[in-house]
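The following exchange examines how the terms applied to this structure are justified. Each reply sets a value against a definition.

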Amino acid sequence: MGNKINRTDIYPNTTPADADHVIGTDVSNVSNDSNGETVTFTIQSILATQHDHTLSDITDAGTAAGNDTGDFAAASHTHTLSDITDAGTAAANDTGDFATAAQGALADSAQQPPSEGAFVDGDKTKLDGIEANADVTDTANVTAAGALMDSEVTNLAQVKAFDSTDYATAAQGALADTAVQPGDDADALGSGSATDGQVLTADGAGNAAWEDAAGGGGLVFLASSDLSSDATSDFTAFDAGLYDAYEFVFQNIIPATDDVDFTFLSSTDGGSTWDDTSGDYDFGCIILRSGTVFDTDSGNAASIALTGTGALTIGNTSGYPGLSGRLFVPGPHLAKKTQFLWNTSFYDPSGNLVMLTGSGLRQSEADVNAVRFLCSSGNIASGTITMYGMVSA
């Protein structure tokens, strides 16, 4: 009983090199069985420097105790997709079937080919070349952009057949519609701007210019008025720097009301106000009517009647021609009593032909620069009045 018990007596399957004997309080409660063959004992403590256990030594290790150590993963090992029982069809796919890092972290975020087919080389380059908000080139978009479709041009053949010789030259103008055209204003015809009364002259070398008419005395058209139920007809184209006198021509002046006078007023402020007060005018007439000659006058009138005074008036019966004649105004720009001279012809309300020559004047001294024509009652139904200027000498 004094011998030591070898560790191999307890762990017959292990022989650690550094633990050949039990260390510590060896064994207690040693006894023999009745045959003296079996030894029972209690190990008080076992302190071994190193020893091993297998899973079979662990009573609660479960089914792991029956497995070989080769069934467990080592510190570093690999698996294939075939080792994963629920890998599905992924186990049969090539790595080229999966998204790359550049395409996306997950396969479902990778770009997929469109239903029309995958892009080919150059397709993206074409798309990159399309500007932002580009639209379809159709009739609506072309029209909205201000351009014309061929279908909108009614003379397409002529447009495409234009020759450079069809356009205005640089001397005529940058565009055809700036070239000199028939009916253009006077400024477009000569060199520089034209003023009232000037005429276009040539210098013999192919050049044209506007110059004052030589000699003076000629009549120049200034204005015209076609009347239609007008209460008045005013003329203000007086120019003291160009004209010495003026003439007014009356054509078929028919009053809207029967049995009225055809009269006129003068103005010294361009028509802002009119001289229409009793005593402003003095006039007289010599008249031939139905073979009878007589005269009338008015020395204290508020207007001058081109039909004379008294019972001489215009008739407007259908078929009557109305009043026609001329009024001559000499030197109205002079600060004197402006004179007026006229001759007229018309039917009176009874159908008598009246021929009249008259003269009158403005009672106060002032320059006259506008005249107004009107009937003594009612409007002027129809007729034309034209104004001419006599060019200064």
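Q: What makes strand 9 and strand 10 (residues 292-301) a pair?
A: Two strands pair if DSSP finds at least two bridges between them; strands themselves are DSSP runs (E, at least two residues), numbered from the N terminus. Strand 9 and strand 10 are joined by 8 bridges and run antiparallel, so the pairing criterion of at least two is met. Within this pair, Ile-287 stands opposite Phe-294 of strand 10. The hairpin has 2 residues between the strands, and Ser-290 takes a positive phi near 50° there.

Q: How do you know on what basis these assignments rest?
A: The model is predicted: local features need pLDDT of at least 70, side-chain atom pairs count only at pLDDT 80 or more, and totals for chains, interfaces and linings use all residues. Residues are numbered from 1 along each chain as its sequence is written, and side-chain values use heavy atoms, with hydrogens and water left out.

Q: Why is Asp-275 called buried or exposed?
A: Buried means under 20% relative accessible area, exposed over 50%, and partly exposed in between (1.4 Å probe, protein chains only). Asp-275 has 16% relative accessibility and therefore counts as buried. This residue lies in the loop between strand 8 (262-267) and strand 9 (281-289).

Q: What makes the link between the side chains of Asp-275 and Arg-362 a polar contact?
A: A polar contact is a pair of N or O atoms within 3.5 Å; within protein, one must be able to donate a hydrogen and the other to accept it, and residues adjacent in sequence count only if both atoms are side-chain atoms. The two side chains make such a contact at 2.7 Å.

Terms used
Helix = DSSP H or I, 4+ residues; strand = E, 2+ residues; numbered from the N terminus.
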